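Me: Please walk me through some of the wording people use for this one. I'd like to know what sits behind each term.

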Amino acid sequence: MPPRLPQQAARALRRLATTSTPITRSFTTTTSFLAAPAAASLRLPADYVPATKPPSARPPETRKSQLIRTYTSLLRTTPLILFFQHSNLTADEWSAVRRELNSALIAATPAGTNSPLDGREVHLQVLRTRMFNVALKLAEFYDPEVAKAKAGTRTGPRGPLVHDLSMAAYEAMKDFEVPEDSAYAQISPLLCGPTAALVFPAVSPAHLAAALKILAPSPGKFAAPPRKKNPGYYEPLCQSALQKLLLVGGRVEGDVFDVDGVKWVGGIEGGLDGLRAQLVHMLQSAGLGLTTALEGGSKSLWLALEGRRTQLEDEGKPKESASAEETKSE
């Protein structure tokens with residue numbers, strides 16, 4: 001009986017059934033004895049440290065380390081921060097508060113003028129209180145230049161390791177005694193429990209007043225917006241959130257202000273330009289008062305001398321008249 005498949009077809013099928021390893025080819029323009037030294041020269045040293053990840057006292061990958069870096073940068077670059085205590089606000093309540101706050105801040109930005117601050121740059125964020133307390137202590141008291149001068153400071157390829165997460169910063173702040181009259185000692189008792197911060201990238205009394213009217217309204221200059229003008233402010237969700245926020249103080253240009261001090265900054269008429277005008281008027285008034293005081297002394301002396309001269313002249317006139325009469329009688 002003849003085979004069902006021809007011999008050539010059977011050989012082709014057997015060749016396809018057998019597994020064969022693929023052959024890979026690579027092309028290069030360099031020889032092997034030239035490529036080996038190049039690979040050796042590209043090898044990193046054993047003690048290499050990336051510039052973006054210097055050695056630190058705590059693992060830099062953790063969220064706490066990133067928060068400390070964020071908070072120290074925030075404290076050193078932000079001139080105006082308001083602190084609020086909050087209690088169990090839901091995500092919807094935070095959204096309602098931020099919505100009304102953003103609309104008020106945008107409305108406070110004058111159109112067509114060079115305003116020092118845009119209302120969209122102001123942010124309300126929740127803080128991790130303990131991490132923020134550590135960052136505030138570093139920003140107030142830690143000096144990298146002093147840490148560089150110490151003998152036991154670790155040194156890396158780029159110089160002494162004195163950044164905020166370094167062992168030098170940890171050792172400097174571990175047993176540091178806080179002065180009682182420092183800004184940290186004044187504000188640290190207020191930063192307890194859940195805390196939120198309203199961050200202003202520039203000092204603007206107009207925007208501060210607009211924020212106080214929304215977050216901490218009070219009768220007078222910082223009255224809440226009327227219902228007809230801003231109906232969303234009086235929604236139950238927004239009002240419930242505002243009742244859970246309490247203004248405890250602020251930090252303006254490195255100085256700590258209580259609630260009354262924050263309202264004083266927000267009540268400056270005309271903003272920074274108005275404050276400069278008040279300062280110029282005060283300096284002019286002081287100069288005018290000094291000139292008047294100096295002129296008053298010399299003027300009083302001149303009046304006294306002039307009065308004495310007039311008195312002496314009046315006393316000499318009767319003698320002259322008497323001598324004239326005597327000469328006539330003779």
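Me: What makes Leu 208 a residue "in contact" with others?

Reply: Contact means heavy atoms within 4.5 Å. Leaving aside neighbours within four places in sequence, Leu 208 is in contact with Leu 80, Leu 82, Phe 200, Val 262, Val 265 and Gly 266. This is a predicted model, where local features need pLDDT of at least 70 and side-chain atom pairs pLDDT 80 or more, while totals for chains, interfaces and linings use all residues. Residues are numbered from 1 along each chain as its sequence is written, and side-chain values use heavy atoms, leaving out hydrogens and water.

Me: Why is Thr 195 called buried?

Reply: Buried means under 20% relative accessible area, exposed over 50%, partly exposed in between (1.4 Å probe, protein chains only). Thr 195 has 1%, so buried it is. Among the residues that Thr 195 touches, not counting those up to four places away in sequence, are Phe 83, His 86 and Val 126.

Me: Where does Thr 195 lie?

Reply: In strand E5, residues 195–200. Helices (H or I, at least four residues) and strands (E, at least two) are DSSP runs, numbered from the N terminus.

Me: How do you know that the span of helix H3 agrees with what is expected?

Reply: The expected span is 1.5 Å times one less than the number of residues. H3 (residues 63–77) has 15 residues, so it should span 21 Å, and its end C-alpha atoms are 21 Å apart. Its buried residues include Leu 67, Ile 68 and Tyr 71, and E5 is one of the elements covering the buried residues of H3.
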